Amino acid sequence: MSSANRKANRRRETGRGGAAPRHSERSAQSQQSPRHTGRSERSARHPNRSRKVFAAPDSHAPSNALCPIAHECGACPHIGIPYDEQLAQKDAYIRDLFADLAGADCEFQPILGMENPVRFRDKIASPFAPGSNKKPAVHQVKRGAKTGNAPRRDVLCGMYAPGTHRIVPIPECPVEHVAGRKVIAAVRRIMLRYGMEAYDEDAGTGFVRHVVVRVGHETGEVLVTIVTNGDAFPGSKNFCRELVKACPQVTTIVQNVNTRATNAMLGQEERVLYGPGFILDTLCGLSFRISSHSFYQVNATQTEVLYRTAIDMAREGLPDGAADRPIALMDAYCGTGTIGLVAASLIPGAQVVGVDNVESAIRDARLNAKHNGVENAEFAAEDAGAYLQRMAAEGARLDVLMMDPPRAGSSEEFLHAALTLAPARIVYISCNPATQARDVRMLANGGYRLRRVQPVDMFPHTDHVETVCLLTHS
């Protein structure tokens, strides 16, 4: 092990040595959102008592059959547990979490799992770091050949071991799209060939920090983002030519510049090196542009399940579109507009407004609406709570509120505004059921009834579970 790796292995989740997000990451926009572990969630029934999503016995050690390095990598802690048992434990966790919020008329739907829980991750990221000092190859020593631009140190890539910045090599990952690791391995070979140095976070030197690969689930298009410790990229044309030659499925390459001493993966400055700078993918019948900064769910198969479940809840009991007035629907925390645009296309008579305080996300949402020819949706760059409060003050009407807040859940200001506006139904999508249960309790105290709870397994083999809750005004 190199000295850099030995030092990194001693660092914990403090300061610059914090662990990078794992497979259950939430957002590409907030690159360093905390990793969901689920191992110490607070119970909604007993807020002072911790409970676990999984309480697997020690006999369920990670299996070598599916992933021989599962224990060392740690991104899929439950890959050794039979999948139907994983689903059963997640189901039980959700039922317990929402039990005292559910009346007799509340439906707990069985968790929606994957038919085949492998190769589902369409976003693959790898840190790069310098390894041990390299020695000239034997044939070079014998023949007196010059090493040219060969780097003095090896190049490490893979995944961070849990709680450290020690890199575990990942030649192949059973939950990732096969293109991802092929691209990352090709980048490493090119770096070694052309003498490109990996980033040393202790010294602040070196060039390549991370590589992020995004694959269009339906289109197969591949976006590669090279995160560099500096703007100048000597030989970038040769680099792109070599990478596309090695991986012909690559359709665009972007350089992202991040010179900060930070755990955040992406910087703000970037330039397109090859191709259009984005890829397209299809979701629920619509086409979406995906760039390096776009938030786009990494499990497209289950995202369709999640969105269609939420939209079925939203349109249940609504008129069929022949009513005298349009159906007013709000997509709060809308990001790039995926949920709102799908709702606008699938709910007859809907007039959708999407609200998010990230201006770049709203720009993408508007572009996505134009790209798909969706005319019954508009988007506002504003705090969702403030927007709701203004609607309430103006006496506006809202039939359906769809909300998908970040892991921390919604704010009290937003929930108070929702209670004032009092839409007929609220569809609450969450990546953190514990904070969702907290917010549902506040809505229930304000006059709403929890009607349905639907868990969706977005990240098999982890503690992570998403839930969709339907609430109606009593």
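Is Val168 buried or exposed? In this predicted model, Val168 is buried, because its relative accessible area is 1% and buried means under 20%. The points below cover the surroundings of Val168, then an open sheet of eight strands and two helices, α9 and α10.

**Val168**
- Val168 belongs to strand β7, which spans residues 167-168.
- Leaving aside residues up to four places away in sequence, Val168 touches Ile69, Glu72, Cys157, Gly158, Met159 and Ala161.
- One of these contacts, Ile69, is 99 residues from Val168 in sequence, while the C-alpha to C-alpha distance is 8.7 Å.

**The sheet**
- Eight strands make up an open sheet with mixed pairing, in the order β3-β19-β20-β18-β17-β14-β15-β16.
- At its edges are β3 (102-108) and β16 (377-381), each of which pairs on one side only.
- From one strand to the next, the twist averages 20°.
- Strands β3 and β19 (residues 448-456) run parallel and are joined by three bridges.
- Opposite Phe108 stands Val453 in β19.

**Helices on the sheet**
- Helix α9, residues 359-372, lies across β15 (350-356) and β16.
- The direction of α9 is at about 165° to β16.
- Helix α10, residues 384-393, packs on the sheet and touches β14 (327-332), β15, β16 and β17 (400-403).
- The angle between the directions of α10 and β14 is about 155°.

Key
Residues are numbered from 1 along each chain as its sequence is written. This is a predicted model: local features need pLDDT of at least 70, side-chain atom pairs count only at pLDDT 80 or more; totals for chains, interfaces and linings use all residues. Side-chain values use heavy atoms; hydrogens and water are left out. Two strands pair if DSSP finds at least two bridges between them. Helices (H or I, at least four residues) and strands (E, at least two) are DSSP runs, numbered from the N terminus. Axes are lines fitted to C-alpha atoms, for helices over the stretch in contact, and angles run from 0 to 180 degrees between N-to-C directions. Contact means heavy atoms within 4.5 Å. Buried means under 20% relative accessible area, exposed over 50%, partly exposed in between (1.4 Å probe, protein chains only).
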